[in-house]
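Open your viewer and keep the selection tool handy. We will take a short walk through this structure, one selection after another.

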Amino acid sequence: MKYDVLIIGAGPSGIFTAIEMIRNHSTKKILIVEKGEAVENRHCPKSQTQKCMSCSPYCHITAGFSGAGAFSDGKLSLSCEVGGTLPELIGEQKAQETINYTDKIYLEFGADTRVEGVSAPDKIREIRKKAINANLKLVDCPIRHLGTEMAQKLYQRVEAYLIENGVEVLFRTECINIIVEDNVCKGAVIRERNSAERTVYADEVVIASGRKGADWLEKICVEHNVEHSPGTVDIGVRVEVRSEIMEEVNDVLYESKLIGYPAPFRNKVRTFCQNPGGFVAQENYDNNLAVVNGHSFKELKSDNTNLAILCSHNFSTPFNQPIEYAKKVGELTNMLGAGHILVQRYGDILDGKRTWEKELSFSNVKPTLPDAVAGDITAAVPYRTMTNIINFIKSVDNVVPGFASGETLLYSPELKFYSNRIKMDKHFNTNIKGLHCLGDSSGWTRGLMMASIMGVLMGRELL
């Protein structure tokens, strides 16, 4: 099998690489391989079963066409200040111009025309003033909220568009390895589910394996001497409060992006993926690692708001396995929860005690993750991380009074695997000729929009 372009992974960066080539009338033969399912076949059974079924071989939320992000809350951040460090590689102006261009494509495929977080500048100033007084930075970013269910419909239209325009897409197909000869990438070895391995050759290979594929990509880099460096890994919790507590921030900003460097360790701690009226969700990664995330729908709403608080960890010599470190934290937490997500009340953490199921039933904040196990997350989360999170919550309480209530729920583990930063030039060329790496697995992006614009720029390079 011979193609002009082989794209590994059908997340936003891989998808938009193909879209941009089509929009520019490219006649090149494109193949996308995706180990998950097509959008129309991605269905999490938990809505019926009320518990995670550990779908095999892959979790429908983390794998499949459109990637993991589209099946959580589906938010498009419209500022280049948010979404990773790609602007450092390509320049802020180019990043913002490409965001504006890519946003129009999303609108063409049916994204909501409403933009959150831009209608009340005076109220935003007041929130920023409170943040400054609490030694926090507020990043007010315009948000286009797709919604979990609407994102699925949008990406189904994208999927049909690619296939109608001649892009070949192989679902349930895993990339086993890439083929590198004399420092040139010649293709990849792939395997369709329940089939034998086969070789695909291509002039250009684009790895867009997403957050779920970060660990696999790191192994590929080591085996084939692709230049990379260990970067940041984020370990944290998913916080859930009553929406009344977050009402002002939800109405004014929709998503409050707060950044702090709490004493005594001064690690970067930030809020991420805020879901007004949302639901806490479980995702399963390889080897049945259960991690927590958040979903928000356009129509279906809960009484709560959830968001992530993530603590960034940067490691240096001699340690160079940050992804494995984060996984160990997650595995230990899963062990304490008998394979489930752990949940604990903030007040119980401060009191040095575990949370019991009966205590949750007395609280104003009712968990939206029904099979979360009440317990003690401090028995698994490292001291440095936990201290940073506790002190950050205290600071946020000055911006959002009631955030540090004793009833506030903390779910664990919330882990973000994008620590392997691939060394590339501004044209996304690695040191291996014909090999390019995009999206969250590349270490340069975090989130739907920034991954999408990286795909757009890659598509232009491959014309």
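Start by selecting R460 and Y101: the charged end of R460 sits over the ring of Y101, 4.7 Å from the ring centre. Keep in mind as you look that this is a predicted model.

For another charge over a ring, select K29 and Y3. Here K29 lies over the face of Y3, and the distance to the ring centre is 4.8 Å.

**On to the sheet**

Now switch to a cartoon view and colour the strands. Which order do the strands of the eight-stranded open sheet follow? Going across, you meet β4, β12, β13, β16, β11, β19, β17 and β18, and the pairing is mixed. At the edges are β4 (136-139) and β18 (373-374), each of which pairs on one side only.

Zoom in on the β4 edge. Its partner is strand β12 (residues 257-260), and the two run antiparallel, joined over four bridges. To see one residue pairing, select L138 and L258: L258 in β12 is the bridge partner of L138.

Next, bring in the helices that pack on this sheet. Select residues 121-133 to show helix α5, which touches β4 and β12. The direction of α5 makes about 155° with that of β4. Then select residues 383-399 for helix α12, which also packs on the sheet. Its contacts are β4, β11 (232-242), β12, β13 (269-276), β16 (304-314) and β19 (409-416). Compare the directions of α12 and β16, and you will find about 135° between them.

**Aromatic stops**

A search of the whole structure turns up nine aromatic pairs, so there is plenty to click on. Select F265 and Y383, an edge-to-face pair with 6.1 Å from centre to centre and 90° between the planes. Why does this pair tie together separate parts of the chain? Because F265 lies in the loop between β12 and β13 while Y383 belongs to helix α12, the pair joins parts 118 residues apart in sequence.

Turn on the surface here. Is Y383 buried or exposed? Y383 has 63% relative accessibility, so it counts as exposed, whereas F265, at 25%, counts as partly exposed.

Move next to F279 and F297, an edge-to-face pair as well, with centres 5.9 Å apart and planes at 70°. F279 is in strand β14 (residues 279-285) and F297 in the loop between β15 (289-295) and β16, 18 residues away.

For the last stop, select F16, Y106 and Y155 together: ring pairs link these three into a cluster.

Note on methods:
Residues are numbered from 1 along each chain as its sequence is written. This is a predicted model: local features need pLDDT of at least 70, side-chain atom pairs count only at pLDDT 80 or more; totals for chains, interfaces and linings use all residues. Side-chain values use heavy atoms; hydrogens and water are left out. Two strands pair if DSSP finds at least two bridges between them. Contact means heavy atoms within 4.5 Å. Axes are lines fitted to C-alpha atoms, for helices over the stretch in contact, and angles run from 0 to 180 degrees between N-to-C directions. Rings of Phe, Tyr and Trp (its six-membered ring) pair if their centres lie within 6.5 Å; planes under 30 degrees apart count as stacked, over 60 as edge-to-face and the rest as tilted. Buried means under 20% relative accessible area, exposed over 50%, partly exposed in between (1.4 Å probe, protein chains only). A charge sits over a ring if NZ of Lys or CZ of Arg is within 6 Å of the ring centre and within 35 degrees of the ring normal.
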